[in-house]
Every structure is written in structure tokens, then in C-alpha cells.
Amino acid sequence: MNENMIDVLIYLYENYMDGEEQPPVEQSDLEDELSQAGFSQGEIDKALRWLDELALGVEAAHEHGPVGGSIRVYSERECEKLDLEARGMLMSLEHSGILDPLSRELVIDRLLAIDHPQVLVEEVKWVALLVLMNRPGCEDAFDQLEEMLYADEPVYLH
């Protein structure tokens with residue numbers, strides 16, 4: 001199976017994070033389930049570590065967030081990973097009010113943590129959704145993005 005970490009995150013979201021079902025209590029049970037769903041142990045480990053780092057980032061972001069009204073200038077490294085289309089999607093999400101500057105920075109951080117050379121626009125949307133899901137007070141933005149994602153995206157089957 002040619003799956004990547006984002007596919008693991010999407011699987012977890014669609015099966016557990018949308019509030020309908022609870023994940024297994026033991027991490028080993030969750031890893032076994034993901035393995036049975038066809039994901040490699042390496043991708044499972046990366047996805048779970050990515051989620052742990054997201055939680056830490058959300059916690060730290062409350063203390064040191066970007067100032068609203070500022071203009072985001074991307075570094076060379078960010079431009080290599082986030083092509084013009086991906087950066088355009090981030091800007092669109094911010095201008096539509098779905099992402100605030102703090103959420104945008106968390107999304108960029110999590111996109112840079114993905115282990116492939118360039119991210120796709122669909123991955124930008126999924127990462128933004130996961131970030132918003134973990135930020136208290138962003139429920140309306142989360143609902144808007146979730147609606148947009150499922151209107152645009154095919155259903156992932158595993």
C-alpha cells in the first residue's frame with residue numbers, strides 16, 4: 001500500500017476524531033488497528049508523533065501568537081515545501097476568516113513537519129482542519145472547513 005502519514009491522520013479523523021466513536025484506550029491497540037487497516041508502522045509512528053507535536057504547538061501558541069494584521073512572508077524553506085498553490089490556499093483560508101494568524105502559523109508548522117518534499121493543497125486543508133479541531137474557540141471555522149473539505153474531496157476508503 002502506498003500510504004503516507006496524511007492518510008493515517010485522515011483515517012484517524014474519519015474514524016475517531018469526528019466524535020462518533022472513541023479510539024482504543026491503549027496506543028498499542030490503536031497501532032494494531034491502523035496496521036490492520038493497511039498502514040505501515042513507520043507511517044503510524046510519524047502520524048502519532050505529528051499529533052503529539054500538534055497538541056504541544058497548540059498549547060505553546062496560546063502564550064506566543066502572531067499579531068493580527070501582519071503580513072506573512074514565507075522563508076525559502078517554506079516556499080520549497082509550500083508551493084504557490086498551497087500558500088494561496090492558506091491565504092484564502094485566512095482571508096475567508098477560517099484561519100486566524102495563530103491558526104495559520106500552527107498549520108504552517110504542521111505542514112513543514114510532513115516528511116515529503118512538497119505538500120498538496122488537499123493536505124493543507126486537512127492539516128488546517130486538524131489544527132482547528134484542536135483549538136478551543138474555533139468551532140465555527142472548523143465547521144466551515146469541514147464542510148468545504150467534504151464538498152470538495154472524495155471519500156477515503158480503507
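In this predicted model, E43 and K46 form a salt bridge, and their closest N and O atoms sit 3.1 Å apart. Why can these two meet? E43 and K46 are 3 residues apart in helix α3 (residues 41–61), so about one helical turn separates them. The two partners don't get the same label for cover, though. E43 is buried, because its relative accessible area of 13% is under the 20% cut-off. K46 is partly exposed, with a relative accessible area of 25%.

**The chain as a whole**

Let's zoom out for a moment. How many helices and strands does the chain have? There are 8 helices and 0 strands. If you walk along the sequence, the pattern you meet is α-α-α-α-α-α-α-α. The chain has 158 residues, and buried residues make up 42% of them.

**Salt bridges**

The structure holds 9 salt bridges, and the E43 and K46 pair is one of them. Another one joins R135 to D100, with 3.1 Å between the closest N and O atoms. This pair ties together parts that are 35 residues apart in sequence, because R135 lies in the loop between α7 (121–133) and α8, while D100 lies in the loop between α5 (84–95) and α6. Is R135 buried or exposed? R135 is buried, with a relative accessible area of 8%. Its partner D100 counts as partly exposed, at 30% relative accessibility.

A third pair is R110 with D109, and here too the closest N and O atoms are 3.1 Å apart. R110 is buried, with a relative accessible area of 5%, whereas D109 is partly exposed at 38%.

Here are those three pairs side by side:

| Salt bridge | Closest N and O atoms |
|---|---|
| E43 and K46 | 3.1 Å |
| R135 and D100 | 3.1 Å |
| R110 and D109 | 3.1 Å |

Salt bridges can also link up into a network. Which residues are joined that way here? They are R72, E78, E94, R104 and E105.

**A look at helix α6**

R104, from that network, takes us to helix α6, where this residue lies. Helix α6 covers residues 101–112, which makes 12 residues. From its first C-alpha to its last, α6 reaches 17 Å, close to the 16 Å expected at 1.5 Å a residue.

Is α6 mostly covered or mostly open? Mostly covered: 10 of its 12 residues are buried. Among the buried ones are P101, L102, S103, L106, V107, I108 and L111. The list also includes two arginines you've already met, R104 and R110. R104 has a relative accessible area of 3%, so this residue is buried, being under the 20% cut-off.

Some contacts along the chain are worth a look too. R104 and L93 are 11 residues apart along the chain, and their C-alpha atoms are separated by 8.6 Å. L112, another buried residue of α6, pairs up in space with R77. These two are 35 residues apart in sequence and 8.8 Å apart in space, C-alpha to C-alpha. You'll find R77 in helix α4 (residues 76–81). Unlike the buried L112, R77 is exposed: its relative accessible area is 52%, and the cut-off is over 50%.

**The loop between α7 and α8, and on into α8**

Now back to the loop that holds R135. C138 has its place in the loop between α7 and α8. C138 is buried, with a relative accessible area of 10%. How far apart are the C-alpha atoms of C138 and L99? They are separated by 8.7 Å, although the two residues are 39 residues apart along the chain.

Next comes helix α8, which spans residues 139–152 and contains D143. What kind of surface patch does D143 help to form? The patch is negative, and it is formed by E139, D140, D143 and E147. D143 itself is partly exposed, with a relative accessible area of 42%.

**Pulling it together**

So what should you look for in the structure above? Try finding E43 and K46 in helix α3, then the R135 and D100 pair that ties together parts 35 residues apart in sequence. After that, check out α6 with its 10 buried residues out of 12, and finish at the negative patch of E139, D140, D143 and E147.

Note on methods
Residues are numbered from 1 along each chain as its sequence is written. This is a predicted model: local features need pLDDT of at least 70, side-chain atom pairs count only at pLDDT 80 or more; totals for chains, interfaces and linings use all residues. Side-chain values use heavy atoms; hydrogens and water are left out. Patches are made of residues with over 30% relative accessible area and no salt bridge: like charges are joined within 9 Å, nonpolar side chains (Val, Leu, Ile, Met, Phe, Trp, Tyr) within 5 Å. Accessible areas come from the Shrake-Rupley method with a 1.4 Å probe; for residues, only the protein chains shown count as cover. A salt bridge is a side-chain nitrogen of Lys or Arg within 4 Å of a carboxyl oxygen of Asp or Glu. Lys and Arg count as positive and Asp and Glu as negative; His and the chain ends are not counted. The place of a charge is taken as NZ of Lys, CZ of Arg, CG of Asp or CD of Glu. Helices (H or I, at least four residues) and strands (E, at least two) are DSSP runs, numbered from the N terminus. Buried means under 20% relative accessible area, exposed over 50%, partly exposed in between (1.4 Å probe, protein chains only). The expected span of a helix is 1.5 Å times one less than its number of residues.
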